[in-house]
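Reader: I'd love a close look at one part of this model, the place where its domains meet. Could you walk me through it in plain words?

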Amino acid sequence: MELINQKPFLDKIIIYPIKSLDGLSISQATLLKGGALKYDRQWAIFTEGKKLINAKSNNKIYKLRATYNNSLSQVTLEHRDNNLKQTFDLQREMKQIEIFLSDYFGCLVYLKENKFTGFPDDSNASGPTVISKATLQTIAQWFPDLTIEEIRRRFRANLEINGVSAFWEDQLFANKNEWVDFRIGNVNFQGIHPCQRCIVPTKDSYTGTITNNFQKQFITKRKETLPSWVKPSQFNHFYRVSVNTKIINLQQESSLKVGDEVEIMNN
């Protein structure tokens, strides 16, 4: 697989304010000193027994829609099947949100907030996840019934890179226990490893219905198209795509914006 000789640039930023619910595409984002994107997975839903409610374990999450106002101070939650729709203040109406969610899930739940690191899936590589637009387009071609937007919703990456070929982001990790330094705009990142996927991408992002043979087809095609320069030690299996990152020693909050150039530092 040949690389496109263009300057990579940040084409899309997507944050997921409430973990496992809908994302929001924004043109500029803030990186917190802890290395997380501000507002990304800042809130998460937990049961009374402190178990996380997510799309891996609870199919009801798929039919719950979330939209946000521009300042991310409000969320509108909607269950279209029952014509339930209500707007809440994310800071002042936490209890009301919990009541709505408890009614929806049929059990007592709590909405917890972490303003410093959010609730990442990978606590050892808790920076934004990175993928290229060409990768999403290629995966969509593997599944003719699915659009690129549906693939995007299933894999839920934060930062989308354009001006590059499919799987370009596989350059952003090295062998196990190593990393690749790269920069987006003025922010330095460490690429850690390709993201191990779970059951979530196999399901329709609106209904939770499983796409037949999704994982098997993905693994077959990923193996066939794996770039020759990829570090094989990171692929104990081929159900991996996008790159988990880490940001360390960030002295102050920094910004990322669509259009920022991307540069690999130690290539």
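**Where the two domains meet**

Author: Happily! The domain assignment splits the chain into domain 1, made of residues 9-15 + 119-264, and domain 2, made of residues 43-113. Please keep in mind that this is a predicted model. Twelve residues from domain 1 and twelve residues from domain 2 make up the contact. Measuring from centre to centre of the C-alpha atoms, domain 1 and domain 2 are 26 Å apart.

Now to the interface itself. The size of an interface is often given as the accessible area lost when the parts come together. Here, domain 1 and domain 2 bury about 960 Å² between them, and carbon and sulfur atoms give 63% of that area. On the domain 1 side, the residues that touch domain 2 are six nonpolar, three polar and three charged ones. Even with those charged residues on the domain 1 side, the count of salt bridges between domain 1 and domain 2 is zero. Polar contacts do occur: two residue pairs make them across the interface of domain 1 and domain 2, both at pLDDT 80 or more.

While you have the model open, take a look at the aromatic rings too. The structure holds 13 aromatic pairs. One of them is formed by Phe 155 and Phe 214, with ring centres 6.3 Å apart and planes at 35°, so this pair counts as tilted. Phe 155 belongs to helix H3 (residues 148-155) and Phe 214 to helix H4 (residues 214-225), so the pair ties together parts that are 59 residues apart in sequence.

Key:
Residues are numbered from 1 along each chain as its sequence is written. This is a predicted model: local features need pLDDT of at least 70, side-chain atom pairs count only at pLDDT 80 or more; totals for chains, interfaces and linings use all residues. Side-chain values use heavy atoms; hydrogens and water are left out. Domain bounds come from an automatic or database domain assignment. Contact means heavy atoms within 4.5 Å. Buried area is the accessible area (1.4 Å probe) that two parts lose on being put together, summed over both. A salt bridge is a side-chain nitrogen of Lys or Arg within 4 Å of a carboxyl oxygen of Asp or Glu. A polar contact is a pair of N or O atoms within 3.5 Å; within protein, one must be able to donate a hydrogen and the other to accept it, and residues adjacent in sequence count only if both atoms are side-chain atoms. Ala, Val, Leu, Ile, Met, Phe, Trp, Tyr, Cys and Pro count as nonpolar, Asp, Glu, Lys and Arg as charged, and the others, Gly among them, as polar. Rings of Phe, Tyr and Trp (its six-membered ring) pair if their centres lie within 6.5 Å; planes under 30 degrees apart count as stacked, over 60 as edge-to-face and the rest as tilted. Helices (H or I, at least four residues) and strands (E, at least two) are DSSP runs, numbered from the N terminus.
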